[in-house]
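Please open the structure in your viewer and keep the selection tool at hand. The tour below moves from one selection to the next and says what is found at each stop.

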Amino acid sequence: MTPGPPPDGEPVPADAALPPSALAGLGQRPFGLYVHVPFCTTRCGYCDFNTYTAAELGPGATRDSYAGQAIDEIRLARRVLGGAAVQAGTVFFGGGTPTLLPPSGLAAILSAIDGEFGLAPGAEVTAEANPETIDQRSLAELRASGFTRMSIGMQSAVSRVLAVLDRKHEPGRPERCVAWARSAGFEHVSLDLIYGTPGETDEDWIASLRSAVSAGPDHISGYALIVEPGTRLAARIGRGELAAPDDDVMADRYLAADELLAAAARPAADSSSSGQPEASRVSSMIRSVRRSAGVRTSRACPGLTPAARRAAYAAGCRTFHHRVPPMWLCAPGPTHHQSPLVQ
Ligand SMILES: C[S@@+](CC[C@H](N)C(=O)[O-])C[C@H]1O[C@@H](n2cnc3c(N)ncnc32)[C@H](O)[C@@H]1O
Ligand code: SF4
């Protein structure tokens, strides 16, 4: 694993202090935290996120020490943000696969955030999860430790499509995860879908949308498949093994999803007679681009741990971390600052 060149920006001083301009207005803006967990069991062929399998991690870095190091960095973040009251309105554990850490590890990180910053009343605390890494028991543990929202990577309901995406879960498992999450007390459960996978038909996409809606999440994200350079999917398309996604097909899939999800989100003409509670209707959002905000509502968002793309935002300042976990484990905390923040 070779680190890339250092980012533009000023090296962080030894005490990790933020530039004064970065601290201006802290406590007056919404505040949230993003915790990146860069581990996956296997790498899906389409994915270029900052994540590592056990084999890619190599010696010197394990998942076991991760929670403890993340907690060290939370304490560091609290220190450099000074005494301002900044309760977190949102906390987002993204991946990689956060649920490869045991629920006790995720709970310990969340508890450190609560202890250092405090969670605002009604704070939204999300964990991303792959369906094969959660079950009834782990979901109950996560809910009991303060997580309020699960975001589950379903991607497709069709086994042929899941195979092209290199997904490991069986069709039907994501829908069961939604039911388990509901029975564990999660009011908010979201499903991720991908459209435009090579070989996916219009019927496959409609079947995936219908399965996702009937599972009863309160949110569905539909992502257009992006063929990222350097991925196995890009190589397979390059060799002519798979067809590249077609723009017209993508546009049609987007429109089909828009129509189907809008209908699912529409209140029934007579909800009292349909018996469908308000909260059980799907609020849908179709995203044709991914990597929108890691934390959904916050502008002031320190990113902790070896964050995706190395970039994270701390108050009015962009911070960069070591990208590869063995280096971050030796030196948690940001390495470079860029201020003022250019959005
Ligand atoms: C950061 S991933 C992590 C979630 C979790 N590891 C999983 O795969 O279920 C979040 C979402 O990004 C989407 N995604 C990742 N790579 C993508 C790509 N190349 N094109 C479109 N969507 C992608 C997938 O839908 C995935 O669920
Ligand atoms: S899509 Fe999710 S499970 Fe697959 S490699 Fe990327 S982060 Fe890991």
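Which residue in E6 is the bridge partner of Met-150? Select Val-189, since that is the bridge partner of Met-150 in E6. Before going further, please note that this is a predicted model, in which local features need pLDDT of at least 70 and side-chain atom pairs count only at pLDDT 80 or more, while totals for chains, interfaces and linings use all residues. Residues are numbered from 1 along each chain as its sequence is written, and chains are lettered from A and ligands numbered from 1 in the order in which they are written.

**The whole protein**

Show the whole protein, which has twelve helices and twelve strands; these are DSSP runs numbered from the N terminus, with helices (H or I) of at least four residues and strands (E) of at least two. Of its 343 residues, 41% count as buried, where buried stands for 20 or more other C-beta atoms within 10 Å of the residue's own, exposed for 12 or fewer, and partly exposed for values in between, with C-beta atoms placed from the backbone.

**Strands E5, E6 and E7**

Select strand E5 (149–155) and strand E6 (188–195), which run parallel and are joined by six bridges; two strands pair if DSSP finds at least two bridges between them. E6 is mostly covered, with six of its eight residues buried. Now add strand E7 (residues 219–224), which pairs with E6 in the parallel sense over six bridges, and look for Tyr-223 in E7 as the bridge partner of Ile-194. Between E6 and E7 the chain passes through helix H8 (residues 202–215), and this β-α-β crossover is right-handed, a term for a path from the first strand over the helix to the second that runs clockwise when the strands point away from the viewer.

**Asp-192 and ligand 1**

Within E6, select Asp-192, which is partly exposed because 19 other C-beta atoms lie within 10 Å. Leaving aside residues up to four places away in sequence, Asp-192 touches Ser-151, Ile-152, Gly-153, Met-154, Gln-155, Ser-221 and Tyr-223, a contact being a pair of residues whose C-beta atoms, placed from the backbone, lie within 7 Å. Asp-192 and Ile-152 are 40 residues apart in sequence, yet their C-alpha atoms are 6.2 Å apart in space.

Next, show ligand 1, which is surrounded by 17 residues, the closest being Tyr-46, Gly-153, Asp-192, Tyr-223 and Ile-226; a residue is near a molecule if its C-beta atom, placed from the backbone, lies within 6 Å of it. Strand E3 (88–95), E5 and E6 are the elements that each give two or more residues to this shell.

**Ligand 2**

Move on to ligand 2, where the surrounding residues include Cys-40, Arg-43, Cys-44, Cys-47, Asn-130 and Gly-153.

**Helix H3 and Thr-148**

Select helix H3 (residues 66–80), whose 15 residues reach 21 Å from the first C-alpha to the last. Among the buried residues of H3 are Tyr-66, Gln-69, Glu-73 and Val-80, and the helix is followed by Gly-82, whose phi is positive, near 75°.

For the last stop, select Thr-148 in the loop between helix H5 (136–144) and E5, where it counts as partly exposed because it has 19 C-beta neighbours inside 10 Å. Thr-148 touches Glu-124, Val-125 and His-188, not counting residues up to four places away in sequence; from Thr-148 to Val-125 the C-alpha distance is 5.1 Å, across 23 residues in sequence.

Key
The expected span of a helix is 1.5 Å times one less than its number of residues. Two residues are in contact if their C-beta atoms, placed from the backbone, lie within 7 Å.
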